[in-house]
Amino acid sequence: MHRRIRTLAVAVCALAATGAAVTAPDQAAAAHPGLPHTGFESSGGARWTTQPEEWAFLTAVDRSSDRVSLRTIGTTAQGRPLQLVRIGGDRPTANTMLLICSQHGDEPSGREACLTTVRDFARARDAATRRFLDRTTVLVIPTANPDGRAAGTRGNADGMDVNRDHIALRTAEGRAVAAVIRDSRPDVVYDLHEYNTTPRYYEKDLLALWPRNLNTSPDVRREAHTLSEQYVRPGAEEAGYSSGVYGIWTDPVTGDPVRQVAGDGQERILRNTAGVKHSVGLLVETRVDALTDAELADPAVNNRRRVHSQLAALKGAFAFAGERRGRIEAATTSARLAGFADRGPVWTGGADNDPAAPDETIQDPPCGYRLTAAQYTEFQDELALHGVVSRPTPDGAFVPLRQSLRALVPLLLDERAAYRLTTGSPITRC
Ligand SMILES: [Zn+2]
């Protein structure tokens, strides 16, 4: 199962050495004086990049490369911009890969990895990376929760967990991500996080997990599983890190799974929302706790390892997107078309490792839901942000299941769905 990751995204890691010894970013910065650098790099990993530094950095990268464009896609409650970076992908047939970085504000390592990835892709001159970027549009939301990052909190300024908001869309952050997914229909959605260990049972350097939600098309889930198990985890291990499956405690001696503590099928979590929306979703979590005495003694060493392990995993993800381009495209395209056939059950619970109970299975879904005028007024924006098609009627609206995002419709409107927007009236004869 373990396979070698090709060096497709070599440029992405050009500023960070592979292997156990992680080059201090300030050394890398000194070696490349003409390049824009993050605050993290300039400080040798002693501190995280501030947001003013991030804006200046991205502006400089944008100016220095015709491969990159920068756009504001929303504004947080405290007035900070939500920014989207677009890199490469000039061909109309290019696959699209979306990176969502640090939607939990107190998990900063993913963000640092995303920022330097943007720069390194922007500046890469080697043929393999150019070819990759010619055929892949890489979209990056480097700071998906700017207010939370500024405060060092998991949630946003209102204390809301952005990664539980991808169905309800109550937060500016969740709405911005939904609009990007709607408009760019990414083949891959890669979500970067960090976690705290539980000694002996749950302490791998890097954990990954695919969409467990049962409404994910089997082909899309297979690709996501491949991304996790054959690219991202081996990518981390090749760089000297241990890896595992997110949410699963393992026996310290045998390595066998002993207990599941997280990582269920909830559709409101981005990893799962991505699957329901026909993208190859992946959650990646890197270990916060110090690994060595050197990390304990010097937070900068700890911080550099946290970022470097994210970069190693990303390298695997880019290799996946490059090597399996055709299979990924086939899986996401067929999943996007399947809803138009309007066939098969929809699941409001369960997971790929936890069969849905009978009351979590809508065996024979209605052909649509009717919304009252008041309901439609209240939720038409959310339906539109999701990219769900609805038809206004004289007394409200009708939302058909026969559409690309078929399974999402009951998850938003059925009385059995735990995170629904509202309860629509099921229509069984259309
Ligand atoms: Zn997180």
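Me: How many nonpolar, polar and charged residues does the lining of the second largest pocket have, by class?
Reply: A pocket can be read by sorting its lining residues into classes, and in this predicted model the lining of the second largest pocket has 11 nonpolar, 6 polar and 3 charged residues. The space in this pocket comes to about 310 Å³, and among the 20 residues that line the second largest pocket, those closest to its centre are N215, S217, A338, R406 and A407.

Me: Which elements each supply at least two residues of that lining?
Reply: Once the classes are known, one can ask where in the fold the lining residues sit. For the second largest pocket, helix α12, residues 325-338, and strand β11, residues 346-347, each supply at least two residues of the lining.

Me: How much space lies in the largest pocket, and what does its lining have by class?
Reply: The reading goes by volume, then by centre, then by class. The largest pocket holds about 370 Å³ of space, and of the 23 residues lining it, R154, E194, Y195, Y246 and E285 are the closest to its centre. Sorted by class, the lining of the largest pocket has 8 nonpolar, 7 polar and 8 charged residues. Strands β5 (188-195) and β10 (280-287) each give at least two residues to this lining, and β5 provides the largest share, with 3 residues.

Me: How many cavities of 30 Å³ or more does the structure hold, and which residues line the second largest cavity?
Reply: A cavity differs from a pocket in that a cavity is a space from which the probe cannot get out. The structure holds 4 cavities of 30 Å³ or more, and the second largest cavity has a volume of about 40 Å³. Its lining is made by N95, T96, M97, T136, D187, V188, A321, R325 and I328, with β3 (95-101) and α12 as the elements that give two or more residues each. Strand β3 contributes the largest share of this lining, 3 residues, and by class the second largest cavity is lined by 4 nonpolar, 3 polar and 2 charged residues.

Me: Is R233 buried or exposed?
Reply: Burial is judged from the relative accessible area, and a residue counts as buried under 20%. R233, which is found in helix α8 (residues 218-238), has a relative accessible area of 14% and is therefore buried.

Me: Which residues does R233 touch, not counting residues up to four places away in sequence?
Reply: Leaving out the neighbours along the chain shows which other parts of the sequence come into contact. On that basis, R233 touches L206, A208, S228, S243, G244 and V245. By way of a separation in sequence and in space, R233 and P142 are 91 residues apart along the chain and 22 Å apart from C-alpha to C-alpha.

Me: What is the order of the strands in the open sheet of 4 strands, and why is one side of β14 and of β16 left without a neighbour?
Reply: A sheet is read by listing its strands in their order across it and then looking at the edges. Here the order is β14-β15-β13-β16, with antiparallel pairing. Strands β14 (391-393) and β16 (425-427) stand at the edges and each has a single partner strand, so one side of each has no neighbour in the sheet. On average, neighbouring strands of this sheet are turned by 30° against each other, with direction ignored.

Me: How many bridges pair β14 with β15, and which helix lies across these strands?
Reply: After the order come the individual pairs and whatever packs over them. β14 and β15 (residues 396-400) pair in the antiparallel sense over 3 bridges, and the bridge partner of T393 in β15 is G396. Helix α13 (residues 373-386) lies across β13 (368-372), β14 and β15, and runs at about 120° to β13.

Conventions: Residues are numbered from 1 along each chain as its sequence is written. This is a predicted model: local features need pLDDT of at least 70, side-chain atom pairs count only at pLDDT 80 or more; totals for chains, interfaces and linings use all residues. Side-chain values use heavy atoms; hydrogens and water are left out. Two strands pair if DSSP finds at least two bridges between them. Axes are lines fitted to C-alpha atoms, for helices over the stretch in contact, and angles run from 0 to 180 degrees between N-to-C directions. Contact means heavy atoms within 4.5 Å. Buried means under 20% relative accessible area, exposed over 50%, partly exposed in between (1.4 Å probe, protein chains only). On a 1 Å grid over the protein atoms alone, a cavity is a set of points where a 1.4 Å probe fits but cannot get out, and a pocket is an open set with protein on both sides within 12 Å along at least five of seven lines; lining residues have an atom within 4 Å of a point. Grid points are joined across faces, edges and corners, and a volume is the space filled by probe spheres set on the points. Ala, Val, Leu, Ile, Met, Phe, Trp, Tyr, Cys and Pro count as nonpolar, Asp, Glu, Lys and Arg as charged, and the others, Gly among them, as polar.
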